[in-house]
Amino acid sequence: MANVVVVGSQWGDEGKGKIVDWLSERADVVVRYQGGHNAGHTLVIDGVSYKLSLLPSGLVRGKFSVIGNGVVVDPHHFVSEVEKIAGQGISVTPEVLRIAENAPLILSLHRELDALREDSNSGLKIGTTRRGIGPAYEDKVGRRAIRVCDLGEPETLRDKIERLLTHHNALRRGMGAVEISAEAIHSELMAVADKILPFMDRVWDLLDERRKRGERILFEGAQGALLDNDHGTYPFVTSSNTVAGQAAPGSGLGPAAIDYVLGITKAYTTRVGEGPFPSEQDNEIGQFLGEKGHEFGVVTGRKRRCGWFDAVIVRQTVRTSGIHGIALTKLDVLDGMDEIQVCVGYELDGQRIDYLPASMGAQSRVKPIYETLDGWKETTAGARSWAELPAQAIKYVRRIEELIGASVAMLSTSPEREDTILVQDPFQD
Ligand code: IMP
């Protein structure tokens, strides 16, 4: 297997950071292909914790890393994240990092608009990360975005900013916010242009060349498939496609470049922000999971909502992302429970269904149907082989595989990368 896509199979925060780090050692190139600095990936290496939200995780291992065109880039955040991890002793130069010339930029006006909308009483509160992700993607689709390559053409940049502001100032007037001058945006961009342009490249071309040379590419997904703009719990979603197929257009390679899709799957379910969550446990069980699993957002520090494993949504993700195998994470959080519930189907208006319906109303009405499994008292934390796992824990894992229609390729038993049971190396089928 040459190229692997890693995708979150729930609502994000499945523990992708550790798995991506594990895989990046086997890869030659690591690519981000969607999202922006709304993601939060924590890597723990030799006891040192690295928190990344925009830069590909492979950088920490010195791997050639790429920010693809499908990512929205906040240039100021880019500069500060580069400085932060460089300060931790990681080399971040154009030798090892490239940004797609056609990646759209997140500007301060996007951040402000994100917050204005979230705070407005009339709008639908999504519970966004307030990083300007949604407004930046809107401008991309609206064909008025400022892109990385525009920073290298100062003579036409002003016109592009004016065109963008015709749209944004009209919006801002309507929302009672002060208008913005072209000069302010221009200086905001010029302050960082020289720090970004050295990293700019024709990413589709370089990735294709490297692929042809037989290099292994790891596509690092952000967020989770249930936050996908098409396939997620719309409108409580992010503004990019988070399903695995996005790795192709988000980097400029054709779909045949994807050989294996690994779905990162937490042994229970969490979600940050608003929106439906059928198996949510807003009670002492949810509290137990949240405390034991340290379920706080890396980016915003928000407390994550917690609940039982929902096999319906993961089964759907296995299909919408074409998942070949899963990496199951945080099984040890369930250690010590008497009983564990798994959501195996939903009841919608008196009928049993085995999928997540598309409409917002139906998604809010579905009631989980649970199957109860025995828990286990022993600890699974740090296990490195199946023999170290209690029989009930293995039963739980096997039942999940059956319910979602995909097998466990990797089982992660602690944040340390060595604490992993490998069943199938995604890079070597
Ligand atoms: P946005 O991506 O900031 O627009 O937020 C839209 C929704 O996606 C909100 O519910 C966020 O909490 C959620 N979200 C965005 N990024 C992440 C992530 O990395 N992990 C989990 N949830 C996320």
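Which residues belong to domain 1, and which to domain 2? In this predicted model, domain 2 is one continuous stretch, 108-196. Domain 1 is written in two pieces, 1-100 and 202-429. So that you can find your way around, try colouring these ranges separately.

Now look at how the two domains sit together. Their centres, taken over C-alpha atoms, are 29 Å apart. Domain 1 brings 29 residues to the contact, and domain 2 brings 20 residues.

How much area do domain 1 and domain 2 bury between them? It comes to about 1900 Å², with 66% of that on carbon and sulfur atoms. The size of an interface is often given this way, as the accessible area lost when the parts come together. On the domain 1 side, Val72, His76 and Ser239 give up the most area to domain 2, and together they make up 23% of what that side buries.

Next, zoom in on the charges. The interface of domain 1 and domain 2 has 1 salt bridge. Asp74 forms a salt bridge with Arg111, and their closest N and O atoms are 2.9 Å apart. Asp74 falls within the 1-100 piece of domain 1, while Arg111 falls within domain 2. Polar contacts show up here as well: 6 residue pairs across the interface.

Which elements give two or more residues to the side of domain 1 that touches domain 2? They are helix α2 (75-87) and strand β6 (97-100). The largest share, 5 residues, comes from α2. Sorted by character, the residues on that side of domain 1 are 12 nonpolar, 13 polar and 4 charged.

How values were computed. Residues numbered from 1 in each chain as written. Predicted model: local features only at pLDDT ≥ 70, side-chain atom pairs only at ≥ 80, totals over all residues. Heavy atoms only, no water. Domains from an automatic or database assignment. Contact = heavy atoms within 4.5 Å. Buried area = accessible area lost by both parts, 1.4 Å probe. Salt bridge = Lys/Arg side-chain N within 4 Å of Asp/Glu carboxyl O. Polar contact = N/O pair within 3.5 Å; in protein donor to acceptor, adjacent residues only side chain to side chain. Helix = DSSP H or I, 4+ residues; strand = E, 2+ residues; numbered from the N terminus. Nonpolar A, V, L, I, M, F, W, Y, C, P; charged D, E, K, R; others polar.
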